[in-house]
Amino acid sequence: MKVLVGLAFLITVLSSCSPGPITFASNKTIAHRGAWKTADLPQNSIASLKRAIELKAAGSEFDVRMTKDGELVINHDPLYAEDTIELTTYAELSKHTLKNGEKLPTLKDYLKAGSRNNNQTCLVVEVKPSLVDKNQGVWAATKTVALIKEMKLQARVVYISFDYEILKEIRHLDAFAVTQYLTGDKTPAELKVDGVSGADYHVSVYRKNPEWITQLKDNGMILNAWTVNTAEDMDWLLSQGFDFITTDQPELLFERLKQLMTKRPVK
Ligand code: MG
C-alpha cells in the first residue's frame, strides 16, 4: 500500500476531463494560463503550455480571443500591446512579440504545441466573450470548435467560459464536448438542465454555497475551482473532493497533494 501511495503522482487514470482515449494525469492540477510563474514565462505563451506539460499537470488553461480579421489568438486581456484585439488584424498585432520573444500564439499553433509530447495534460480552452458584440463571442466559439474538430483534438480539450450562451453553443456544435461554466451565478440544477458538464467557479462561490458541492457530486458533474493560489484554499478544496483545482502555482498544489497522501492512513 505504501508503494501505491508513493506512486500516486505517477499513476494516470482516465479522468472526467475527456471521454476520449487519452489518459489524463490524476493530480487535479490545472495550470492557469499555463505554468508561467516559477520560470517567469509570459502567461498564455506556448512556453508556459510546454512547461505545464513537462510538469505533467492534469490540465493547462488558456484564453481564446478573435482578431478583427477572424484569427483566433491566445491572450487573456482584451488588449494586446495597447491594441484592442477584436478591432485589430493579426498582422498588426503580431508585430509585437511576447516578452520571451514568442510570436502572439494563434489557437492553431497553441493546439499543435499542446498535442505534441503530451499524453496526460488536458487542454482547457477558455472562450472569451466579445466586448463589441455578443454574437462575435459565439462566432469565436464556433470557429474554435471547428478547428479542434479539424485537428481531431476533441478528446484532448474541455471548454470553459464566463458566457453561458457560448457554452450552450459549444454543446450544440459538439454533443460530446465537456463544458464548465465560470461565472458562478447558476445552480448545479440549472447547469444540468442546460447540458453543462460542470462548474468551474471562484473558490469563494463554493465557500458561500457549500451545498452546491454535494449537488454537483450527486449529479455526476465536474467540480473545478479558480484561481486557487493559497495552501489553505487548496487543502479545503482537496478535502471537499474536487476533481480539479485551477492555479497559478501548480508546484504548490503538487506539494499539498503529496502532503495529503502522506497524511492518509495506510490500511
Ligand atoms: Mg482564463
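What follows is a short chat about the metal site and the nonpolar cores of a predicted model.

Q: What should I know about the model before we start?
A: This is a predicted model in which local features need pLDDT of at least 70 and side-chain atom pairs count only at pLDDT 80 or more, while totals for chains, interfaces and linings use all residues. Residues are numbered from 1 along each chain as its sequence is written, and side-chain values use heavy atoms, with hydrogens and water left out.

Q: Which residues are the protein donors of the magnesium ion?
A: They are Glu61 (OE), Asp63 (OD) and Glu126 (OE), lying 2.0 to 2.1 Å from the ion; donors are N, O and S atoms within 2.8 Å of the metal (3.2 Å for Na, K and Ca), and as water is not among the atoms, sites may look incomplete.

Q: And is Asp63 buried or exposed?
A: Asp63 is buried, with a relative accessible area of 1%, and Glu126 counts as buried at 4%, where buried means under 20% relative accessible area, exposed over 50% and partly exposed in between (1.4 Å probe, protein chains only).

Q: Switching topic, which residues touch the most other members of the largest nonpolar core?
A: Of its 30 residues, these are Leu191, Tyr201, Tyr206, Leu237 and Phe242; such a core is a set of buried Ala, Val, Leu, Ile, Met, Phe, Trp, Tyr and Cys residues joined through side-chain atoms within 4.5 Å.

Q: What does Phe242 touch?
A: Leaving aside residues up to four places away in sequence, Phe242 touches Lys28, Tyr206, Ile213, Leu223, Asn224, Ala225 and Leu237, contact meaning heavy atoms within 4.5 Å.
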